[in-house]
Amino acid sequence: MKQYRVGLVGCGGRGRQLARYVAGVDGMQLVAAADLTAERRELARAELGEIAVYPDHATMMREARLDIALLGTTGPLHAAITRDLCAMGIGGIYCEKPMACSLADAEQIIADCAASGTVFMMGHQRRWMPEICGLRDALRSGIIGRVTHGSMFWATGRVGSNGTHFFDALNFILDSQPVEVVGRLVHGLDTTRVDDHPGFAARLANDPGGIGFITYANGVRMAFDFMSDVLLPYTYTFCGTRGWLTVCEIDWEVDLRVRDADTRSLTQSWTMPQRTPFSLPRGPVGLAEQDAYRELMACIADGTRPRSSGEDGRVALETIVAFHRSSAAGMHPVALPLPADAASQTLVIH
Ligand SMILES: NC(=O)c1ccc[n+]([C@@H]2O[C@H](COP(=O)([O-])OP(=O)(O)OC[C@H]3O[C@@H](n4cnc5c(N)ncnc54)[C@H](O)[C@@H]3O)[C@@H](O)[C@H]2O)c1
C-alpha cells in the first residue's frame, strides 16, 4: 500500500487536531509540520511525535517531499499557500474552513488546483459525519415525503465562520444549491439579552449574526436564525409532505413526526403527524476527518472529485457573500450565482 507523506501547515489548535487524526488512517504518515511561530512549532513537536518542523509551508514542501498538505491556517491565507503548494507539486490538500474570505481567492484556489492536478478537499467535515449522512439518506428515502421547507438556528452568530459549515451541510443534505438569499445581518453582541463575552463580542463585531431565508434550486425553502441571543444547540428542522424531522447536533437528538401516507391534498394537511421512533447512526469525534483523509487518498489515486470539492466550498462562501449583499440592500432578495463584481468583496471570517 502506498504511504502518503502528510505535512501540516499551521500548528494552531485546529491544525494540531487535524494532524492527530492522521494517526488512525492506514496509508497516511504525518512527517512534517510548519508554523511561522517558534512557540507553535514547539507545540507541534511535543504533541505530534517524530516529525520534522519548518518555519513556513514553502520550506516544508521543499524539504519534506509531501504528497498531502493539511491546511490548518485561517481563510485569508489559503489561496496564497495553495498556489505555492500547487506550484511545488502537492498531490492533495485538505483545507480547513473557511475556504477563503473572497470569491476571487476561492476561484484562484480552484484554478490553481486544476492547473497542477492537485485534489482540493474542502474540510467541511459534516459531509463525512455518519449523523449528517444518515440524515441525508433519511430525507432522500422520503421519510417525511417531499421536503418542502425547514429552518435552522445556531448559537454564537457569525454568518461566515459558522455559516460556512451549515450552508455547506444543507447543500449536501438537501442535494441542492441556493438560488436566492434574503438576509439581515447584525454586528456585535446584544448585551441587553446576553452576557458580555469579550471573545465572541470581538468575533461578532466583524462576522455578524443574523436572520434570513434561502431558496434552493430544488424548491426547498429554509429559514435561518443565528442572532447573538440564540442560546440553544445547532438545530435543523426539515418539513415535508408527510411530516417533519428535527435534529439537534448536541447528542444528535431527533424528533420525527410523520403521517401514515404521503399526500398532495391541501385538505389532508390537517391530519396530525405522529411521533415516530427514529435515530441517526453515530460516529466518534474525528471519524469524519479520517474518512475525509481516506477519500482524499482515493481521489489522488484515481482522479475522482471529492464529495467536498473546491466548487462546493465556493458555493458556501457565495452564500455568505449573498447574505452580506442582501443585508446591505435592506433585505433585498439576492439571486445566485452572484454577478462577477461579487468576487472582489472581501469578508472577515475566522
Ligand atoms: N472545522 C472545525 O470544526 C474547526 C474548528 C476550529 C477551528 N477551525 C478553523 O481552523 C482554522 C485555524 O484555526 P486555529 O484556531 O487553529 O487558528 P490559529 O490562527 O490559532 O492558527 C493558525 C496557525 O497558522 C500559522 N501560519 C500562518 N501562515 C503560515 C504559513 N505560511 N506556514 C505555516 N504556518 C502558518 C500561524 O502562525 C498560526 O499558528 C480557522 O480558520 C478556524 O475557523 C475549524
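Select Pro98 first, in the loop between β5 and α5; helices (H or I, at least four residues) and strands (E, at least two) are DSSP runs, numbered from the N terminus. A cis peptide bond joins Lys97 to Pro98, with omega about -5°. The model is predicted, so local features need pLDDT of at least 70 and side-chain atom pairs count only at pLDDT 80 or more, while totals for chains, interfaces and linings use all residues. Residues are numbered from 1 along each chain as its sequence is written.

**The strand before the loop**

Next select β5, residues 92–95. Gly92 and Tyr94 point to one side of β5, Ile93 and Cys95 point the other way, and all are buried. A residue counts as buried if 20 or more other C-beta atoms lie within 10 Å of its own, as exposed if 12 or fewer do, and as partly exposed in between, with C-beta atoms placed from the backbone. Add β4 (residues 68–71), which pairs with β5 in the parallel sense over four bridges. Two strands pair if DSSP finds at least two bridges between them. Leu71 stands opposite Cys95 in β5.

**The six-stranded sheet**

Extend the selection to the open sheet of six strands, whose order is β3-β2-β1-β4-β5-β6, with parallel pairing. Strands β3 (52–54) and β6 (119–122) stand at the edges with a single partner strand each, so one side of each has no neighbour in the sheet. From one strand to the next the twist averages 25°. Axes are lines fitted to C-alpha atoms, for helices over the stretch in contact, and angles run from 0 to 180 degrees between N-to-C directions. Within this sheet, β1 (residues 4–9) and β2 (residues 28–34) pair in the parallel sense over six bridges. The bridge partner of Val9 in β2 is Ala34.

**Helix α1 and the ligand**

Now show α1: its residues Gly15, Arg16, Leu18, Ala19 and Tyr21 are buried. The elements covering them include β1, β2, α2 (38–47), β4 and α9 (287–302). Two residues are in contact if their C-beta atoms, placed from the backbone, lie within 7 Å.

Select the ligand and its surroundings: 26 residues form the shell, and the closest are Gly10, Gly12, Arg14, Leu36 and Glu96. Two elements, α1 (13–21) and α4 (75–87), give two or more residues to this shell. A residue is near a molecule or strand if its C-beta atom, placed from the backbone, lies within 6 Å of it. By class, the shell has six nonpolar, 14 polar and six charged residues. Ala, Val, Leu, Ile, Met, Phe, Trp, Tyr, Cys and Pro count as nonpolar, Asp, Glu, Lys and Arg as charged, and the others, Gly among them, as polar.

**Two helix pairs**

Display α5 (residues 103–116) with α10 (residues 310–328): they pack at an angle of about 175°, with their axes 10 Å apart. That angle makes α5 roughly antiparallel to α10. Angles under 35 degrees count as roughly parallel, over 145 as roughly antiparallel, 65 to 115 as roughly perpendicular and the rest as oblique. Residues in the contact include Leu103, Ile109 and Cys113 of α5, and Arg314, Leu317 and Val321 of α10. The contact of α5 with α10 divides into seven nonpolar, two polar and four charged residues.

Then turn to α6 (residues 130–140) and α7 (residues 163–174), which pack at about 40° with axes 8 Å apart. Helices α6 and α7 are therefore oblique to each other. Ile132, Leu135, Arg136 and Leu139 of α6 meet Ala169, Phe172 and Ile173 of α7. By class, this contact of α6 with α7 has six nonpolar residues, no polar residue and one charged residue.

**The nine-stranded sheet**

Select the open sheet of nine strands, ordered β14-β13-β12-β11-β7-β10-β9-β8-β15, with mixed pairing. Its edge strands, β14 (274–276) and β15 (334–335), each pair on one side only. Strands β8 (residues 178–186) and β9 (residues 209–216) pair in the antiparallel sense over eight bridges. Val181 stands opposite Ile214 in β9.

**Unusual backbone positions**

Most residues other than glycine have a negative phi, and most peptide bonds are trans. Select Arg158 in the loop between β7 (147–153) and α7: its phi is positive, about 65°, although it is not a glycine. Arg158 is buried, with 24 other C-beta atoms within 10 Å. Met331, in the loop between α10 and β15, also has a positive phi, near 65°. Met331 is partly exposed, with 15 other C-beta atoms within 10 Å. End at Pro337, in the segment after β15, where the peptide bond from Leu336 is cis, with omega near -5°.
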